[in-house]
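This report introduces a protein structure to a reader who has not met it before. Please look over the sequence and the model before reading on.

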Amino acid sequence: MAGTSSDCNPETAPTVWLCREPEADVLSCPGWLTDYERATVAKFSGPRQREYLSSRWLIRQAIGHGSQCPAGHCEPVSGRPVASARPEGWHLSLSHSGGLSGCAVSGQPGIGLDLEPLDRHPHWQKVVRRWFTPDEQAWLLANNSHEDFLRVWTLKEAWLKATGRGIAGNLQTLEVRSDFSLYCDRHDAGWQAASGELAGFLVTLVYRHDHLLLPSGGLLAGPTADLDLDRPVPPDSPLTFSRHRPITPAAELKRNPYG
């Protein structure tokens, strides 16, 4: 990782970094964990502990790639990892699914990441009928495409993370049309969304930025079982976002009456 500058540049595009969990059944707690992280991971065991430790390694790598600061000098705030504590100024979003972790980094607030395996949700029609808008139901059920559903679902999940809301009662605050134009219940400008596929997963990012910028990132080579932060970690595969759209404020979007 070149350079040691830790200055946050809000003009740069967001980045998304992914990693697979190590195959070791048990991971040792590394010395670089904060007191908060050490207390938290002590509550977990098995797959949940492995996921937590892998994601903490990834968060530091992701902040490091964004800030050009060594990963060992990076850490998130305590609690939910929504921002960096060292170096300050970076906004984060974390997602896990099927042994893959992802961390998105932006110099501007308002960022949400969602990962889903491309083969997930075999009974997706029930979700559409129960929680999606009438327009979304019409075109998704007519197309009968599992991949279309996943793209809409991850857009909604990422949108709710970026705007700091939960699923209950809020899935209809973003509406996705059949041409994948996007309409939201927010009136502030600059919201945009991007999605791409990598390693059998759909990766979707929603973020706010003053300029229409395409994110970048990739799948990192690691971590190793010892969760070493000093070893250089190049990307194994680049992440290409094949879809990139602005999100348009809608005059009114109906809220879910069952939420």
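The text below moves from the chain as a whole to its backbone, its cysteines and some individual residues.

## The chain as a whole

The structure is a predicted model. Its protein chain has 259 residues, and its radius of gyration is 18 Å, in agreement with the value near 18 Å that a compact globule of that length would have. Taken along the principal axes, the box filled by the C-alpha atoms is roughly 50 × 40 × 30 Å. Five helices and 13 strands make up the secondary structure of the chain.

Of the 259 residues, 50% are buried. The accessible surface of the chain is about 11,700 Å², and carbon and sulfur atoms contribute 50% of that area. Among contacts with a separation of 6 or more, 62% are between residues 24 or more positions apart. The chain carries 25 positive and 29 negative charges, and the mean positions of these two sets lie 6 Å apart.

## Backbone features in the loops

Most residues other than glycine have a negative phi, and most peptide bonds are trans. Two cis peptide bonds and two positive phi values are described here against that background.

The peptide bond that leads from Arg 86 to Pro 87 is cis, and its omega is near -20 degrees. Pro 87 belongs to the loop that joins strand S3 (84-86) to strand S4 (91-97). A cis bond is also found from Gly 222 to Pro 223, with omega near 5 degrees. Pro 223 sits in the loop between strand S11 (216-220) and strand S12 (235-238).

The loop between S11 and S12 also holds Leu 227. This leucine has a positive phi of about 55 degrees, although it is not a glycine. Is Leu 227 buried or exposed? Its relative accessibility is 0%, so Leu 227 counts as buried.

Phe 180 is another residue other than glycine with a positive phi, in this case near 65 degrees. The loop between strand S7 (174-176) and strand S8 (182-184) contains Phe 180. With a relative accessible area of 8%, Phe 180 is buried.

## Cysteines without a disulfide

How many disulfides does a search of the whole structure find? The search finds zero. Distance gives the reason for two of the cysteines. The closest cysteine sulfur to that of Cys 29 is in Cys 19, and because the two are 16 Å apart, they are too far for a bond. For Cys 103 the closest cysteine sulfur is again in Cys 19, and the separation of 9.6 Å is likewise too far for a bond. A disulfide would require the two sulfur atoms to be within 2.5 Å.

Cys 29 and Cys 103 also fall into separate classes of exposure: Cys 29 is partly exposed, with a relative accessible area of 38%, whereas Cys 103 is buried, with a relative accessible area of 1%.

## Individual residues and their surroundings

Val 16 is part of strand S1 (residues 15-20). At 0% relative accessibility, Val 16 counts as buried. Beyond residues up to four places away in sequence, Val 16 touches ten residues listed here in full: Cys 103, Ala 104, Leu 113, Val 203, Leu 205, Ser 216, Gly 217, Gly 218, Leu 239 and Phe 241.

Ala 158 belongs to helix H5 (residues 146-162). This alanine also counts as buried, at 0% relative accessibility. Leaving aside neighbours within four places in sequence, the contacts of Ala 158 include Gly 112, Leu 113 and Asp 114. Thr 204, Leu 205 and Val 206 are in contact with Ala 158 as well. Leu 113 and Leu 205 thus appear among the contacts of both Val 16 and Ala 158.

Gln 68 lies in the loop between helix H2 (46-67) and strand S2 (75-76). Its relative accessibility is 33%, so Gln 68 counts as partly exposed.

The table sets sequence separation beside distance in space for three pairs of residues.

| Pair | Separation in sequence | C-alpha to C-alpha distance |
|---|---|---|
| Val 16 and Leu 239 | 223 residues | 7.9 Å |
| Ala 158 and Val 203 | 45 residues | 9.6 Å |
| Gln 68 and Gly 222 | 154 residues | 18 Å |

Leu 239, in the table with Val 16, is also one of the residues that Val 16 touches.

Notes: Residues numbered from 1 in each chain as written. Predicted model: local features only at pLDDT ≥ 70, side-chain atom pairs only at ≥ 80, totals over all residues. Heavy atoms only, no water. Buried < 20%, exposed > 50% of the residue type's maximum accessible area, 1.4 Å probe, protein only. Helix = DSSP H or I, 4+ residues; strand = E, 2+ residues; numbered from the N terminus. Rg over C-alpha atoms; globule rule 2.2 N^0.38 Å. Contact = heavy atoms within 4.5 Å. Areas by Shrake-Rupley, 256 points an atom, 1.4 Å probe, with all protein chains shown as cover. Lys, Arg positive; Asp, Glu negative; His and termini not counted. Charge placed at Lys NZ, Arg CZ, Asp CG, Glu CD.
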